[in-house]
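Subject: Structure handover

Hello,

Here is the structure we spoke about. Please open it alongside this message, and then read on for what was found in it.

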Amino acid sequence: MLLEPRARFEVARASRLLAAWARSVPRLRRRLVRVPIGCGRPVWVDDPVFGIRLHVREMTRPAPGDERALLDVAAAVLTAPRPRHSGRRSSSPDCSTARSR
């Protein structure tokens, strides 16, 4: 999570870099899947529908754009349920940026 990205920070460029990194490191494209009761602990599996857009987003903090507004945006992002795809919850962290208006 980038709370105060620099003025020259480009979300699209960061997304491309993160996507390239995820392609080169298979572990970053995995998700945790629960197994039936009594069959052990959850297991990590390759995510066939992995998409960086599910994990990278840009948000504008609400007026007045002060530190409290920034922390409210951060709290909302960090406590929100993870995206679901194929009916399963993603365990991959999100990358969010919050900018002033």
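Start with helix H2. Its exposed residues Glu67, Arg68, Leu78 and Thr79 sit on the face turned away from its buried side. The buried residues of H2 are Ala69, Leu70, Val73, Ala74 and Val77. These buried residues lie on the same side of H2, because they cover an arc of only 140° around the axis. H2 takes in residues 67-79, which is 13 residues. At 1.5 Å a residue, H2 should span 18 Å. The C-alpha atoms at its ends are 18 Å apart, so the two values agree.

Before going further, a word on confidence. This is a predicted model. The mean pLDDT of the protein is 80. Of its residues, 79% reach 70 or more. Confidence is highest in strand E2, at a mean of 94. It is lowest in strand E5 (residues 88-89), at 48. Please read E5 with that value in mind.

Now the overall layout. The protein has 101 residues, and 27% of them count as buried. It holds 2 helices and 6 strands. What order do they follow along the sequence? The pattern reads α-β-β-β-α-β-β-β. Take the contacts with a separation of 6 or more: 62% of them are between residues 24 or more positions apart. The protein exposes about 7500 Å². Carbon and sulfur atoms supply 56% of that area.

Next, helix H1. It covers residues 11-24 and has 14 residues. From its first C-alpha to its last, H1 reaches 20 Å, close to the 20 Å expected at 1.5 Å a residue. Which residues of H1 are buried? They are Val11, Ala14, Ser15, Ala19 and Ala22. Seen down the axis of H1, these fall within an arc of 135°, so they line one face of the helix. The face turned away from that buried side carries the exposed residues Arg16, Leu17, Trp21, Arg23 and Ser24.

One residue of H1 is worth a look: Ser15. Why does Ser15 count as buried? Its relative accessibility is 16%, and buried means under 20%. Leaving aside neighbours within four places in sequence, Ser15 is in contact with Ile52 and Val56.

Then the strands. Strand E1 spans residues 30-33. Its covered face has Arg31 and Val33. Its uncovered face has Arg30 and Leu32. E1 and E2 run antiparallel, and 4 bridges join them. Which residue of E2 is the bridge partner of Arg31? It is Val45.

Last, Val43. This residue is in strand E2, which covers residues 43-46. Is Val43 buried or partly exposed? At 38% relative accessibility, Val43 counts as partly exposed. Not counting residues up to four places away in sequence, Val43 touches Arg31, Leu32, Val33 and Val35. Val43 and Val33 are 10 residues apart along the chain. Their C-alpha atoms are separated by 5.4 Å.

To go through it on screen, try this order:

- H1, with Ser15 on its buried side.
- H2, with Val73 among its buried residues.
- E1 and E2, with the bridge between Arg31 and Val45.
- Val43 and its contacts, including Val35.

Best wishes

Conventions: Residues are numbered from 1 along each chain as its sequence is written. This is a predicted model: local features need pLDDT of at least 70, side-chain atom pairs count only at pLDDT 80 or more; totals for chains, interfaces and linings use all residues. Side-chain values use heavy atoms; hydrogens and water are left out. The expected span of a helix is 1.5 Å times one less than its number of residues. Buried means under 20% relative accessible area, exposed over 50%, partly exposed in between (1.4 Å probe, protein chains only). The arc is that of the directions from the helix axis to the C-beta atoms. Contact means heavy atoms within 4.5 Å. Accessible areas come from the Shrake-Rupley method with a 1.4 Å probe; for residues, only the protein chains shown count as cover. pLDDT is the predictor's confidence in each residue, from 0 to 100. Two strands pair if DSSP finds at least two bridges between them.
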